[in-house]
Amino acid sequence: MLKFKTLLEPKMTSKSKLLLGAALLAGWIGLAAAQDADPTNMVRGGLQAIQLVDQGKIGELWDGSGPATKKRVARPEFVRQVEASRSPLGAAQQRTWISVNRQLVANEDPDVAGQYINVEYETRFANAGNRVVREMTSFRLDPSGTWRLSGYVLR
């Protein structure tokens with residue numbers, strides 16, 4: 001199982017920020033070279049993806065995901081799984097990022113193999129009492145140089 005994180009373009013003009021915002025609404029994160037990965041931007045990108053979940057736009061996250069994610073789980077099942085794990089927790093009360101990691105995955109399936117960037121957050125939810133829940137987003141660099149969602153999980 002993969003850990004989950006994000007990546008955004010490190011040097012962004014106003015125009016690229018606008019384009020990035022539009023891209024995030026479609027569920028994907030903009031172009032970036034892996035060697036230029038800025039952890040701060042990755043944390044922001046992961047948070048933007050999680051905020052789509054907060055807003056109930058889970059299907060939009062799946063829409064922008066990469067081929068491996070779409071092969072692994074159909075959109076209705078992805079939405080069902082995320083809703084089933086998130087809904088009982090209630091609204092997010094406090095969220096803090098705790099780690100940004102890179103991972104290189106070797107796999108026979110070219111849609112799975114490649115570079116991943118993961119961001120993990122500790123989140124307190126309204127219905128979770130004092131329990132801290134870990135949220136993870138994962139993004140994979142596709143051949144065109146676009147970071148696409150590869151997963152969202154709670155632990």
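Gln94 stands opposite Arg124, which belongs to strand E3. That is a position in a predicted model, and I will work outward from it.

The pairing behind it is between strand E2, residues 92–105, and E3; the two run antiparallel and are joined by 12 bridges. E3 also pairs with strand E4, residues 132–141, again in the antiparallel sense, here over nine bridges. One bridge pair to look at is Asn118, whose partner in E4 is Ser138.

How many residues lie between E3 and E4 in their hairpin? There are six, and in that turn Gly129 has a positive phi of about 60°.

So much for pairing; now burial. E3, residues 114–125, is mostly covered, with nine of its 12 residues buried. As background, side chains in a regular strand alternate between the two faces of the sheet. For the protein chain, buried residues make up 46% of the 155 residues.

Now a helix. H5 covers residues 75–86, and its 12 residues should span 16 Å at 1.5 Å a residue; the end C-alpha atoms are 16 Å apart, so the expected span and the model agree. Which residues of H5 are buried? Phe78, Val79, Val82 and Arg86 are. Viewed down the axis of H5, the buried residues fall within an arc of 95°, so they line one face of the helix. The general background is that an α-helix has 3.6 residues a turn, so residues three or four places apart point the same way.

Next, the cavity. A search of the whole structure, with a cut-off of 30 Å³ or more, finds one. The volume of this largest cavity is about 70 Å³. Its lining consists of 13 residues, and those nearest the centre are Gly66, Ala68, Asp111, Arg140 and Ser150.

Where does the lining come from? Helix H4, residues 67–72, and strand E5, residues 146–154, each supply at least two residues. H4 gives the largest share, four residues. By residue type, the lining of the largest cavity divides into five nonpolar, three polar and five charged.

Last, the overall layout, for anyone scrolling through the structure. The protein chain has five helices and five strands. Starting from the N terminus, the order of elements is α-β-α-α-α-α-β-β-β-β. In that numbering, the strands I spent most time on are E2, E3 and E4, with E3 paired to E2 and to E4.

Definitions and conventions
Residues numbered from 1 in each chain as written. Predicted model: local features only at pLDDT ≥ 70, side-chain atom pairs only at ≥ 80, totals over all residues. Heavy atoms only, no water. Buried < 20%, exposed > 50% of the residue type's maximum accessible area, 1.4 Å probe, protein only. Pairing = 2+ DSSP bridges. 1 Å grid on protein atoms, 1.4 Å probe; cavity = no way out; pocket = protein on both sides within 12 Å on 5 of 7 lines; lining within 4 Å. Points joined across faces, edges and corners; volume = space filled by probe spheres on them. Nonpolar A, V, L, I, M, F, W, Y, C, P; charged D, E, K, R; others polar. Expected span 1.5 Å × (residues − 1). Arc of directions from axis to C-beta.
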